[in-house]
Amino acid sequence: MVGKYKNFTKDILLYLAITGAVLIAATSPYFLLNLARFIIRNRKYIKKKLDERKIARALERLRKNRLIIITEKDGKFKVELTEKGKRKVKEIQFENMKIEKPKVWDGKWRVVIFDIPEKYKKRARDALREKLKALGFYPLQKSVWVIPYPCEKEIQFLCEFFNITPYVNIIVAENIYNDVKLKKHFGLL
């Protein structure tokens with residue numbers, strides 16, 4: 001579902017998520033083109049070579065798909081994310097999530113443990129396991145995963161995304177007994 005949007009359309013959604021609402025003067029009937037120019041001027045990661053009309057079309061698609069809402073008041077337009085747009089931003093953030101590997105290991109293990117009830121959160125538990133695996137965590141047990149890099153924000157995001165916060169905990173440990181296998185796995189020896 002997230003994959004159907006082109007990268008610059010995703011960038012526009014993320015830009016709106018970061019900035020909140022965007023206000024622009026309604027000085028022209030070409031509002032979407034003016035908004036495209038505004039976004040290009042104010043966002044470094046959107047290449048300036050992108051055709052303004054392409055961005056305007058992307059904005060129109062976002063509006064038609066009810067991901068953004070454009071309202072006018074006192075000669076100014078306000079562009080903001082709808083609830084559906086906010087959910088889409090979370091999906092994009094989920095899809096693009098990475099655990100950054102620092103140049104120097106701080107000597108601490110991040111241990112993610114969870115006990116998610118089978119009866120009503122089985123899908124969330126399985127999805128969490130799959131995402132931890134994709135992020136490079138090592139499974140010590142079915143519900144105990146380890147990584148040597150800071151990941152607290154990412155785990156908090158996953159907990160909120162899957163609505164499992166009460167069932168997940170993160171332990172930062174300086175020592176794990178017999179961690180030679182872990183160090184080999186992560187290339188820390």
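## Two arginines and two positive phi angles

Leaving out residues up to four places away in sequence, Arg-125 touches Phe-114, Ile-116, Pro-117 and Glu-118. This is a predicted model, so read these contacts as features of a prediction. Arg-125 sits in helix 5, which spans residues 118-134. Arg-125 counts as buried because its relative accessibility is 9%, and the cut-off for buried is under 20%.

Helix 5 also holds Arg-129. With neighbours within four places in sequence set aside, Arg-129 is in contact with Phe-114, Lys-142, Ser-143 and Trp-145. Phe-114 therefore turns up in the contact lists of both Arg-125 and Arg-129. At 17% relative accessibility, Arg-129 is buried too.

Now for the backbone. Most residues other than glycine have a negative phi. Arg-66 has a positive phi, near 60°, and isn't a glycine. You'll find Arg-66 in the loop that runs between helix 3 (52-64) and strand 2 (68-73). Asn-163 also has a positive phi, about 60°, without being a glycine. Its place is the loop between helix 6 (152-162) and strand 7 (168-173).

Are these loop residues buried or exposed? Arg-66 is exposed, and so is Asn-163, because exposed means over 50%.

Here are the accessibilities side by side:

| Residue | Relative accessibility | Class |
|---|---|---|
| Arg-66 | Arg-66: 63% | exposed |
| Asn-163 | Asn-163: 55% | exposed |
| Arg-125 | Arg-125: 9% | buried |
| Arg-129 | Arg-129: 17% | buried |

Methods: Residues are numbered from 1 along each chain as its sequence is written. This is a predicted model: local features need pLDDT of at least 70, side-chain atom pairs count only at pLDDT 80 or more; totals for chains, interfaces and linings use all residues. Side-chain values use heavy atoms; hydrogens and water are left out. Helices (H or I, at least four residues) and strands (E, at least two) are DSSP runs, numbered from the N terminus. Buried means under 20% relative accessible area, exposed over 50%, partly exposed in between (1.4 Å probe, protein chains only). Contact means heavy atoms within 4.5 Å.
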